[in-house]
Structure formats: C-alpha cells, structure tokens
Amino acid sequence: MEGVEKFEREKEKILVLSQESGRVYRRPGLEGGRLCCHAEFHLVDLKTNEIHLHYAPSLLQYAIPSSMVSVDNFIYVFGGTRPIFESESLELKSLQPLYHKEVFFGGARLRLSFDQSKTEEVWYPFPVPAEYENRNYPTCTSLVDKIYAFGDVYLAPEVLDPAVGHWKRLFLPSHLVGCKISAYAIPDPSRRRILVHLSDGQLPSPSIYAFRPEDDSSGGEWELITVDAQDWTHVAAVVDNVIYFHSRKFPSILRAFDLTSGAWLEVHWETTFDDGLDMNQSRMHFNALLSLGHNILCLAVWTPIYESPRLVDTPSKAKIIFRKFKVEQSGATVNLVPLPSHSFKLPATSSVYGFLPV
C-alpha cells in the first residue's frame with residue numbers, strides 16, 4: 001500500500017509550531033483592534049542535528065492552531081480562534097493567499113519542500129470541518145492521503161480528500177452517537193486505521209475503538225478494541241499493535257498496552273541516554289510522543305528560558321529536546337533502547353504548541 005510505505009520510512013525531520021514572543025499586533029476595524037500573535041514554523045533535522053528557523057512563513061493569529069497534519073507535500077493547520085463578532089464563514093473558499101500580515105483563523109495549507117527555496121511563500125485558506133463552525137480547536141489527523149476529524153467534544157467523524165477540497169460527514173453507528181472523544185486520535189497506517197478513545201453516551205466504560213475508512217470515503221468500519229480503557233493519555237503513539245502512553249505517574253514514564261491480547265506489557269529502558277538521563281528513574285513530563293517509523297519513537301518536550309534577572313513573566317526563548325528510542329518487544333516485555341538525543345534553542349519564543357514528523 002503506497003501510503004503505508006511512505007509512513008514506514010524513518011522520518012528524520014520534525015516541523016515545530018511555536019508562538020513568537022515580544023511582538024503583539026492589533027488588527028484594525030474589529031472593536032478597536034484585537035490582539036494577535038505570530039505562529040512560527042521551524043524545521044528540525046534529527047539526522048544532521050540541525051534546526052532551520054522560520055522554515056515556513058508565519059501566520060498572524062488570534063490563537064495558535066491545535067491541529068497540524070501532513071499529506072504528501074502539503075502541511076495543513078486547523079484551529080486558531082474565530083471571534084464571535086466575525087461574520088464571514090470559516091469555510092474559506094477563496095484561493096487568495098494569506099500573507100503574514102493577515103489574520104488567520106480556520107484552516108490553511110502550505111506546500112512544504114525540504115529545499116527551502118521551493119517551499120511556498122504564503123499560506124492558502126482551507127476549509128475546516130463543519131462540526132467546528134464557531135469552534136476554536138478542531139482535532140484532525142491524516143491517514144494515507146486523506147484528513148480525518150472526529151469532533152470537538154462529541155464524536156462527529158468527517159473526512160477531507162485534499163484533491164476534492166471539501167469535508168464530508170461519515171456514517172456513525174447508532175451505539176456511538178452521543179459519545180465523547182478524547183482530545184487526540186492516533187493514526188495506525190500499518191493497519192490502515194485510526195484509534196480513538198471514547199466515553200459516555202451508551203458506552204458502559206471508556207473504550208478504545210478503531211475506525212477503518214472505506215476506499216470510496218463514503219464511510220468506514222468501527223471496531224471495538226478494548227473496554228475499560230481508563231489510562232488513556234494525550235501523549236501517545238502506536239507501534240506494531242501496541243499503544244504507548246506517556247505520563248509522569250507511570251513507572252519508566254511509559255505504559256504499553258497490547259491491542260492484540262488486551263494486556264498491559266512490562267516496560268524497561270535498556271540503558272541511559274547519551275547525557276546520562278535514566279528514564280527508569282525519571283519523572284519528566286514530555287509534550288509529545290512521535291512515531292518516526294521502523295519501530296522508532298521520539299519523546300519531545302519544550303521548556304521556557306527566561307532572561308536573567310527575570311523581569312517579566314513571558315519567556316524570551318525556548319529550548320526543545322527530542323529523545324529518540326527504539327521499541328523491541330519480546331513476549332509480555334518491551335525493551336526501550338535509547339538513541340542519540342537532540343536539543344535546540346528557539347529565539348524570541350514564548351510557547352511551543354506542536355511537533356509534526358514530516
């Protein structure tokens with residue numbers, strides 16, 4: 001399957017979404033002007049241990065988008081805040097580019113090339129899911145060559161084929177109507193499915209379901225994977241039918257759940273990282289768990305850097321750290337093998353909001 005083969009190569013580049021510090025703008029004409037901020041996009045190359053700052057053009061926004069996905073050579077962002085006094089529709093159909101001085105809300109698309117000179121210089125408007133009309137933070141993910149959204153609070157699946165350019169609602173079985181969805185959905189390309197964590201509605205307990213799209217995008221199959229899934233966390237990834245969850249409360253900061261057997265696996269770090277960090281003893285919190293392919297996962301975290309002496313509450317810089325490791329499963333035990341770690345500094349950054357392997 002072509003889409004699966006693309007995913008299975010090890011991804012060595014990560015797009016980082018951050019908010020620039022120190023510059024605040026007002027958009028005129030909206031109740032005397034409204035504060036906006038810059039969303040910045042940087043490209044990290046884990047193979048060469050380099051970071052390319054401001055790799056893609058920035059977006060001027062009311063709030064940083066919460067979803068960032070890639071399909072083929074394009075990056076899509078969804079979210080930002082739509083002011084209630086705006087009258088125009090979120091479903092932007094114009095092909096006029098969004099220059100960095102224009103306020104973004106809703107959805108936008110950019111062609112990204114690893115030759116920076118070939119990356120598009122502006123973002124283009126792109127429609128958001130119907131479920132998110134008048135909402136702030138849609139949750140989206142990609143699988144093979146399409147983008148899927150599963151709702152804001154309540155399960156409301158939709159699909160978008162970028163070649164077509166509009167969203168389409170997907171069939172939802174009656175027993176899942178009224179269910180709530182956790183903040184993230186996990187793509188599992190090796191099995192052509194997306195894993196979601198559902199609760200409430202008609203479900204007796206929080207459960208993990210798998211959604212398998214149909215080729216014609218008219219619907220899909222919903223399969224119950226496991227019930228009583230209480231320990232779902234937002235920092236998660238799947239490898240070889242095992243979901244890995246990160247939380248500081250877990251031993252070794254990771255838990256592994258085997259979707260085939262329905263059992264929790266023992267997790268152990270083989271050794272320390274190259275800087276001496278022992279994950280078997282650590283209680284660090286990470287912001288993301290990224291699947292890079294070839295059984296390689298990567299924990300990502302950012303920390304603020306304040307000026308010394310600290311004069312303001314807003315950090316002036318940020319540090320981002322990536323800790324790659326290989327997953328080796330043997331029976332009911334998972335051995336995690338640390339790989340070289342990477343750290344970079346982002347100047348003029350107040351927050352980091354997203355990491356996307358590309």
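Are Tyr-148 and Phe-211 buried or exposed? In this predicted model, both Tyr-148 and Phe-211 turn out to be buried. That pair makes a convenient starting point for a walk through the structure.

Phe-211 belongs to strand β17, which covers residues 207-213. Its relative accessible area is 0%, well described by the label buried, since the cut-off for that class is under 20%. Leaving aside residues up to four places away in sequence, Phe-211 touches Tyr-148, Phe-150, Leu-170, Arg-192, Arg-193, Ile-194, Gly-219, Gly-220, Glu-221 and Trp-222. Trp-222, one of these contacts, is eleven residues from Phe-211 along the chain, and the C-alpha atoms of the two are separated by 4.7 Å.

The aromatic rings add a further layer to this picture. Over the whole structure, a search returns 15 aromatic pairs. In the case of Tyr-148 and Phe-211, the ring centres are 6.1 Å apart and the planes meet at 65°, so the pair is classed as edge-to-face. Because Tyr-148 lies in strand β11 (residues 146-149) and Phe-211 in strand β17, this pair ties together parts that are 63 residues apart in sequence. Ring pairs also link Tyr-148 and Phe-211 with Phe-150 and Trp-222 into a cluster.

Rings take part in contacts with charges as well. The charged end of Arg-255 is placed over the ring of Phe-250, 5.5 Å from its centre. Likewise, Arg-109 lies over the face of Phe-74, with a distance of 4.7 Å to the ring centre.

Turning to the strands, it helps to recall that strands of a sheet pair through backbone hydrogen bonds, either parallel or antiparallel. An open sheet is formed by eight strands in the order β19-β20-β21-β22-β26-β25-β24-β23, with mixed pairing. The edges are occupied by β19 (236-239) and β23 (288-293); each has a single partner strand, so one side of each is left without a neighbour in the sheet. On average, and with direction ignored, neighbouring strands of this sheet are turned by 30° against each other. At the β23 edge, five bridges join β23 to strand β24 (residues 296-305), and the two run antiparallel. Gly-293 has Ile-296 in β24 as its bridge partner.

Another antiparallel pairing involves strand β1 (residues 13-20), which is joined to β27 by seven bridges. Here Val-16 stands opposite Phe-355 in β27. Of the nine residues of β27 (residues 349-357), eight are buried, so this strand is largely enclosed by the rest of the structure.

How values were computed
Residues numbered from 1 in each chain as written. Predicted model: local features only at pLDDT ≥ 70, side-chain atom pairs only at ≥ 80, totals over all residues. Heavy atoms only, no water. Buried < 20%, exposed > 50% of the residue type's maximum accessible area, 1.4 Å probe, protein only. Helix = DSSP H or I, 4+ residues; strand = E, 2+ residues; numbered from the N terminus. Pairing = 2+ DSSP bridges. Axes fitted to C-alpha atoms, helices over the stretch in contact; angles between N-to-C directions. Contact = heavy atoms within 4.5 Å. Phe/Tyr/Trp six-rings, centres within 6.5 Å; stacked < 30°, edge-to-face > 60°. Lys NZ or Arg CZ within 6 Å of the ring centre and 35° of its normal.
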